[in-house]
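User: Could you take a close look at the side-chain contacts in this one, starting with the charged residues? I'd like to know who pairs with whom and where the partners sit in the chain.

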Amino acid sequence: MTDRVPELSAAQKTELSEIFGKHVNLDKRERHYYNHDIGALPPLVKKVIGNTDPAAVVKVRSEGDSVKLLEFANRHRIPVVPRAGASSGYGGVIPTKGGIVADVTLLNGVLSIDPETETAVVQSGIIWEKLERKLNEKGLSLRAIPSSAPSSTVGGWLMQSGAGYGSYEFGWGHESMENVRIVLPNGKMKEFSGPELSKLIGTMGTTGIITEVTLKVQKQEERNAVSASFPNAAALRKAVETIREKKVPLWSISFLNPEWADMKNKAPRKLHYGEVVDKDRPVLPKAYVCTFMYPASRDVSGLTEAIENAGGTALPEEISKHETEEWFKSMKVKRLGPSFIPAEILVPLDKMDRVFEEIKKRIKLQVLTEGMVIGDGNVVLLCFIPHSERSVLFNTAFALSLSILKIAEENGGRVYSSGLFFASKKKDVFGDRLAEIEALRKEFDPNGIMNPETLEGKGLLNTAVSMGASFEPLGRIVGNMSGIGKTTFKEEKEIPAEVAELAYSCSQCGYCVSECDQYYGRGWESQSPRGKWFFIKEYLAGREKLDQRQTNTFLACTTCQMCDARCELDMPIEHAWMTMRGKLVDEEEKMTFPPFEIMAASLLKERNIWANYRKDRDKWIPDDIRAKMKDEAEYAYFAGCTASFVEKDVAVGAVRMLDDAGVEFTGLFDREACCGIPMLVAGKWDVFEKIMRMNVYNMKKRGVKTVITSCPACWLMWHTVYPQWAEKLGIEYVLETKHYSEVLVERLDVLKTQFQNPVIKVSVTPLHKIYN
């Protein structure tokens, strides 16, 4: 077995950099972001595991890169840990011996799709959600898909050995995989197919770096869903058993226990700039809520009878629609935690209700459970106990996860997967396959470089888990006494309370990573939203510094809000970064980016961000329109900086259409100032406040009641941000804001007579609905 490698030598760093260039990262601070997975561990467990920072991170882009990396690692006896979405919590990507993290997320291509044979060949690092979209373009769809599809990868699911949506019909994820190409630990490429695949399933990166996978897929078809409530787990079990017996052709069966359903109702609303987006969210009954999904073409006439005969009740269609829209948001209720103690188990369907009964009987803390029924007659139960990782009681409450595992084992079940934390349970997980897996590793990894300790475990950790199992009754007594009340946060070390709470709520699922512009442009984990939340926790724990470098990381966000759209917890992420910018730049007087300083200087002197003269601001206005514009009017057109100085045709077109529609309007002319959004995102809130006050005062002075914009950013400021700041600053704000398209659609009768071509149909979506 290889030794621990916390740092590479100077010669090794040089050699690795020559091989991988900009795709290797040796920065100590950046490496720290790759030392964990999705799980939040209690401090005592962290101490047992020790320092898990890697010595280097390498972005693997091809099979050739994998070969070069493993040849380098063998030559120098350096551990290598493959890492993809890091969306699991079993310690499979934690570099306990340092070494090199092989980030395979750039191995994300679709190599071929064959509609005739219904197969697809993909690179291992492709995200399931992206693959499904690519298949849909060809009229195909995945057979089974994990509940973490927006971040988990094809290779990762094989190495985890997972089940998900569609597993009722198609079984475990690996059952849809026909062939796998893998670079073995010795640097040699090998293909596995058929029975040989069993040597790779669930091995968590200990057998090599997977590069390609051939998948069986299916024809795409619209799916329907029926949700039903059941009074208890026995009724739910009876319904599922009847469905199996009657061979009702369902695709997927998933469910929530009453505690989860209740918490889901209490989950915070999704917000956009403080306004509730999900106003129509349905209320779930506090019961076992099960959702049955099936292809629309199938006859599932026996489904309703099975539900009703078991004592269940079909729920309104709005609930089944909502539940299927949120099928990748398993962790949504975590914001009420803000931390979770997890326990994922596999139990036989016929013992499922007894498992629930025993959990309720033995565990005194609240246990939230999501279930997934597999076609082989087993059920995956993902259990979470809400808690706070900042509480000292988190250490003792964590023992309850072993109590849940013991309940599963007593009823013919087992832990869902192995990995670092449950290495002592690997015989239960792998069964007869364990011998052939160990033989493969012995043959091709004589130096023990491939993800060491992940299947062997760490001595102290294995001992702790074994002792925990042996003394489970005592651990359960203590754990049941380790409940906490509502967790509250306060401002701490320059971190506002609401931002700190979100940092601890973040599930580290990675949904936000792949679509983040900042991460895409810079390429490293620290730049992702997930990375920033991790930093805040580390900073509050005293393991990081909030310096100018980190301030720059908060400032580099493009504010595209894709993270908000993708977050499974519906957290207001972009708003949190804006809050941090104001805190760091405006209050703590850290530097913003130089271009923002140039903009601020121009704005304060000439009222625009383009360094143009203020006197030229309204020169875009055509003479004939200027003659019609009033000194005072109920309507005012606000052009904004870009339309005034750069894209003047936008402003000219807008006012001409307003004039054609018979709108009498005014403007601020050369007294118009930038809307201020660049200063808001730059953290220069003092400048933003001055500009906002100026614009609002000048609008009121001209008797304006409605501000008309053509720029969406200007609309956002006048419609949403200005009112919020006015309330905060005690400024009277009675202005309405409309996009010019909204004003025009109200006057179509006037405009129709001037159209050169007849208008058959006009459809306008209000801007606030686009943003929401």
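Analyst:
**Charged side chains and their company**

Let's start with a group: Lys264, Lys270, Glu323, Glu326, Lys329, Lys332 and Asp570 are joined by salt bridges into one network. Keep in mind that this is a predicted model. Across the whole structure, the search turns up 55 salt bridges.

Three individual pairs are worth walking through. Take Glu525 and Arg83, which form a salt bridge with 3.7 Å between the closest N and O atoms. These two come from distant parts of the chain, 442 residues apart: Glu525 sits in the loop between α20 (517-522) and α21 (529-540), while Arg83 belongs to strand β3 (residues 80-83). Are the partners buried or exposed? Both Glu525 and Arg83 are buried.

Now for Glu259 and Lys360, whose side chains meet in a salt bridge at 3.4 Å, N to O. Glu259 is part of helix α9 (residues 258-266) and Lys360 is part of helix α12, so this contact ties together stretches that are 101 residues apart in sequence. Lys360 counts as exposed because its relative accessibility is 62%, and the cut-off for that label is over 50%.

Then there's Asp659 with Lys628, where the closest N and O atoms are 3.0 Å apart. Here too the salt bridge links distant parts of the chain, with Asp659 in helix α28 (residues 648-660), Lys628 in helix α26 (residues 623-628), and their positions 31 residues apart. Asp659, at 21% relative accessibility, comes out as partly exposed. Why does Lys628 count as partly exposed? Lys628 gets that label because its relative accessibility is 47%, and partly exposed runs from the 20% limit for buried to the 50% limit for exposed.

What about charges gathered on the surface? A patch of negative charge is made up of Asp586, Glu588, Glu589 and Asp686. One of these, Asp686, sits in helix α30 (residues 685-701). Asp686 has a relative accessible area of 40%, so this residue is partly exposed. A member of a patch needs over 30% relative accessible area and no salt bridge, so Asp686 at 40% clears the area cut-off.

There is a positive surface patch as well, formed by Lys351, Arg354, Lys361 and Lys364. Among them, Arg354 is located in helix α12, which covers residues 352-362. Arg354 is partly exposed because its relative accessible area is 43%. Helix α12 is also where Lys360 sits, the salt-bridge partner of Glu259.

Charges done, on to the rings. The structure holds 25 aromatic pairs. One of them is Trp172 with Tyr416, a stacked pair with 6.1 Å from centre to centre and 25° between the planes. The stacked label fits because the cut-off is under 30 degrees. This pair reaches across the chain, too: Trp172 lies in the loop between α7 (167-170) and β8 (177-183), Tyr416 lies in the loop between β20 (414-415) and α15 (426-430), and the two are 244 residues apart. Both rings belong to buried residues: Trp172 has a relative accessible area of 8%, and Tyr416 is at 7%. Elsewhere, ring pairs join Phe638, Trp685, Phe688, Trp718, Tyr722 and Trp725 into a cluster. Helix α30 spans residues 685-701, and the ring cluster includes Trp685 and Phe688.

Last, a few backbone spots to look at while you have the model open. Most residues other than glycine have a negative phi, and most peptide bonds are trans. Against that background, the peptide bond from Gly337 to Pro338 is cis, with omega near 5°. Pro338 falls in the loop between α11 (317-325) and β17 (339-348).

Two non-glycine residues show a positive phi. Glu118 has phi near 55°, and this residue belongs to the loop between β5 (110-114) and β6 (119-123). With 23% relative accessibility, Glu118 is partly exposed. Ala611 has a phi of about 60°, and you'll find Ala611 in the loop between α25 (594-606) and α26. Ala611 is exposed, since its relative accessible area is 61%. Helix α26, at one end of that loop, is also home to Lys628, the partner of Asp659.

Key:
Residues are numbered from 1 along each chain as its sequence is written. This is a predicted model: local features need pLDDT of at least 70, side-chain atom pairs count only at pLDDT 80 or more; totals for chains, interfaces and linings use all residues. Side-chain values use heavy atoms; hydrogens and water are left out. Patches are made of residues with over 30% relative accessible area and no salt bridge: like charges are joined within 9 Å, nonpolar side chains (Val, Leu, Ile, Met, Phe, Trp, Tyr) within 5 Å. Accessible areas come from the Shrake-Rupley method with a 1.4 Å probe; for residues, only the protein chains shown count as cover. A salt bridge is a side-chain nitrogen of Lys or Arg within 4 Å of a carboxyl oxygen of Asp or Glu. Lys and Arg count as positive and Asp and Glu as negative; His and the chain ends are not counted. The place of a charge is taken as NZ of Lys, CZ of Arg, CG of Asp or CD of Glu. Helices (H or I, at least four residues) and strands (E, at least two) are DSSP runs, numbered from the N terminus. Buried means under 20% relative accessible area, exposed over 50%, partly exposed in between (1.4 Å probe, protein chains only). Rings of Phe, Tyr and Trp (its six-membered ring) pair if their centres lie within 6.5 Å; planes under 30 degrees apart count as stacked, over 60 as edge-to-face and the rest as tilted.
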